[in-house]
Amino acid sequence: MLVVLQVRLVMKAHSFIRENVPRVLCSVKDKSSTVPIPRISQYLYFLFAPTLIYRDNYPRNPTIRWGYVATKFAQVLGSLFYAYYIFVRLCIPQFRNSSQETFNLRGLVLCIFNSILPGVLILFLVFFAFLHCWLNAFAEMLRFADRMFYK
């Protein structure tokens, strides 16, 4: 999880530098009196906004719908509990039974094939929980209006 967060921060820093360095260099080359340096509040908003593309201003909603935020966080919790249930009821018993027997390739292949469908279901739940519910909840709390996460 820590590696994923670090990769996200590196990608955001790259976007910030890529958008701002050419503007600063252009204003220095033109010997302009004002250098367009972004404010710290713009950078902090960008760090928490669910986007990887830096802009000085983003489209914003006028209000926060707290009921929507609570619904999305409830969906995240529901997805995590459902993934846990699938894992405990469908994956763990397959491998618990195989650990009591002597090793054979046929048993291992059967365990893996019996765990493919639950694994795919867990991947779909993680996709839904993070990329849909979690990002939409934070976008709503930050009043971030551009919600094209899937494009």
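**Exercise 1. Find how far apart the two domain centres are, and describe how the domains meet.**

*Solution.* Start with the distance: the centres of domain 1 and domain 2, taken over C-alpha atoms, are 32 Å apart. Next, the bounds: domain 1 covers 1-57 and domain 2 covers 59-150, with bounds that come from an automatic or database domain assignment. Before going on, keep in mind that this is a predicted model, where local features need pLDDT of at least 70, side-chain atom pairs count only at pLDDT 80 or more, and totals for chains, interfaces and linings use all residues. Residues are numbered from 1 along each chain as its sequence is written, and side-chain values use heavy atoms, with hydrogens and water left out.

Now count contacts (heavy atoms within 4.5 Å): 6 residues of domain 1 touch 8 residues of domain 2. Then take the buried area, meaning the accessible area (1.4 Å probe) that two parts lose on being put together, summed over both. Here that's about 560 Å², with 76% of it on carbon and sulfur atoms. On the domain 1 side, Tyr45, Phe48 and Pro50 lose the most area to domain 2, together 83% of what that side buries.

**Exercise 2. Track down the salt bridges and say which parts of the chain they link.**

*Solution.* A salt bridge is a side-chain nitrogen of Lys or Arg within 4 Å of a carboxyl oxygen of Asp or Glu. The structure has 3 of them, and the count between domain 1 and domain 2 is 0.

- Step one: Glu19 pairs with Arg55, with the closest N and O atoms 3.4 Å apart. That joins helix 1 (residues 2-29) to the loop between helix 2 (40-48) and helix 3 (66-99), 36 residues apart. Helices here are DSSP runs (H or I, at least four residues), numbered from the N terminus.
- Step two: Arg23 meets Asp56 at 2.6 Å, N to O. Arg23 sits in helix 1 and Asp56 in the loop between helix 2 and helix 3, so this pair ties together parts 33 residues apart in sequence.
- Step three: Arg65 meets Glu140 at 3.0 Å, N to O. Arg65 is in the loop between helix 2 and helix 3, while Glu140 is in helix 4, 75 residues away.

**Exercise 3. Decide whether Arg65 and Glu140 are buried, partly exposed or exposed.**

*Solution.* First, the cut-offs: buried is under 20% relative accessible area, exposed is over 50%, and partly exposed is in between (1.4 Å probe, protein chains only). Arg65 has 43% relative accessibility, so Arg65 is partly exposed. Glu140 has 1%, so Glu140 counts as buried.

Conventions: Helices (H or I, at least four residues) and strands (E, at least two) are DSSP runs, numbered from the N terminus.
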